[in-house]
Amino acid sequence: MELQKILKPEAVKVLQGVSSKKRLFQQLAELAQSAYGLEPQRSVDALMERESLGPTGVGRGVALPHARLDGLDRVVGVFVRIEKAVDFDSVDRQPVDLVFALFAPQDSGVDHLKALALVSRTLRDSGVCSKLRANDAPATLHAILTEAPGQQAA
């Protein structure tokens, strides 16, 4: 599994004016709709449902929200960098500015977990995160993510 197969260039964006986790989920869902044709309200509901089980803010300004949806044939992702970090109830209580959301088929099983591990490993790299925070162009952000060392899963 490779990030370039999960993340389309048009599924990457820099967001301004995000004031809450719910608003962030709405913007992630809109991006998923434009890139993959996902129904926005179903995406928001699925992300909120998963988040109710426990926050997906993994620390150091990174969040990995994820959800399973009917009608998908593979795991897809959207990435946003938020101009002004937002509170996300992260494990380290730090606000979040890098968000990689994954949407997986309802019955994806191991593929969903592999994708989550791949994204987590990529965003655990402080050098990758520094480059993401230093760039505004969506094409550059996509290139940083898809060309990051260790971005291939076994």
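# A guided tour from Thr122 outward

Select Thr122 to begin: at 1% relative accessibility, this residue counts as buried (buried means under 20% relative accessible area, exposed over 50%, partly exposed in between, with a 1.4 Å probe and protein chains only). The model is a predicted one, in which local features need pLDDT of at least 70 and side-chain atom pairs count only at pLDDT 80 or more, while totals for chains, interfaces and linings use all residues. Residues are numbered from 1 along each chain as its sequence is written, and side-chain values use heavy atoms, with hydrogens and water left out.

## Helix H4

Thr122 belongs to helix H4, residues 110–123. Helices (H or I, at least four residues) and strands (E, at least two) are DSSP runs, numbered from the N terminus. Display the polar contacts of Thr122: its side chain reaches the backbone oxygen of Leu118 at 2.9 Å. A polar contact is a pair of N or O atoms within 3.5 Å; within protein, one must be able to donate a hydrogen and the other to accept it, and residues adjacent in sequence count only if both atoms are side-chain atoms.

Next select Leu123, which is also found in helix H4. With 4% relative accessibility, Leu123 counts as buried. Which residues does Leu123 touch, not counting those up to four places away in sequence? They are Arg60, Val62, Leu64, Phe100, Cys129, Leu132 and Leu145, where contact means heavy atoms within 4.5 Å.

## Helix H5

From that list, Cys129 and Leu132 lead to helix H5 (residues 126–133), whose buried residues are Val128, Cys129 and Leu132. Look down the axis of H5: these buried residues fall within an arc of 95°, so they line one face of the helix. The arc is that of the directions from the helix axis to the C-beta atoms. On the face turned away from the buried side, H5 carries the exposed residues Ser126 and Lys131.

Now show the surroundings of H5. Its buried residues pack against strand E3 (62–63), E5, E6, H4 and helix H6 (138–146). At the start of H5, select Asp125, where a side-chain oxygen reaches to within 2.8 Å of the backbone nitrogen of Gly127.

## Helix H3

Move to helix H3, residues 40–51. At 1.5 Å a residue, its 12 residues should span 16 Å, and the end C-alpha atoms are indeed 16 Å apart; the expected span is 1.5 Å times one less than the number of residues. The residues of H3 that are buried are Ser43, Val44, Ala46, Leu47 and Glu51. Viewed down the axis of H3, they fall within an arc of 165°, so they line one face of the helix.

Against which elements do the buried residues of H3 pack? Helix H2 (21–36), strand E4 (66–69) and strand E6 (96–105) are the partners. At the start of H3, a side-chain oxygen of Glu39 comes to within 3.2 Å of the backbone nitrogen of Gln41.

## The aromatic pairs

The structure holds two aromatic pairs. Rings of Phe, Tyr and Trp (its six-membered ring) pair if their centres lie within 6.5 Å; planes under 30 degrees apart count as stacked, over 60 as edge-to-face and the rest as tilted. Select Phe25 and Phe88: the ring centres are 6.1 Å apart and the planes at 80°, so the pair is edge-to-face. This pair links distant parts of the chain, with Phe25 in helix H2 and Phe88 in the loop between strand E5 (76–86) and E6, 63 residues apart. Both Phe25 and Phe88 are buried.

The other pair is Phe79 with Phe100, tilted at 55° between the planes and 6.2 Å centre to centre. Phe79 lies in strand E5 and Phe100 in strand E6, so the pair ties together parts that are 21 residues apart in sequence. Phe79 and Phe100 are likewise buried.

Return to Phe88 and add Lys21, which lies over the face of this ring at 4.6 Å from the ring centre. A charge sits over a ring if NZ of Lys or CZ of Arg is within 6 Å of the ring centre and within 35 degrees of the ring normal.

## Two arginines

Most residues other than glycine have a negative phi. Select Arg60, in the loop between strand E2 (57–59) and E3: its phi is positive, at about 55°, although it is not a glycine. At 48% relative accessibility, Arg60 counts as partly exposed.

Finish at Arg93, in the loop between E5 and E6. Arg93 has a positive phi of about 65°, and at 72% relative accessibility it counts as exposed.
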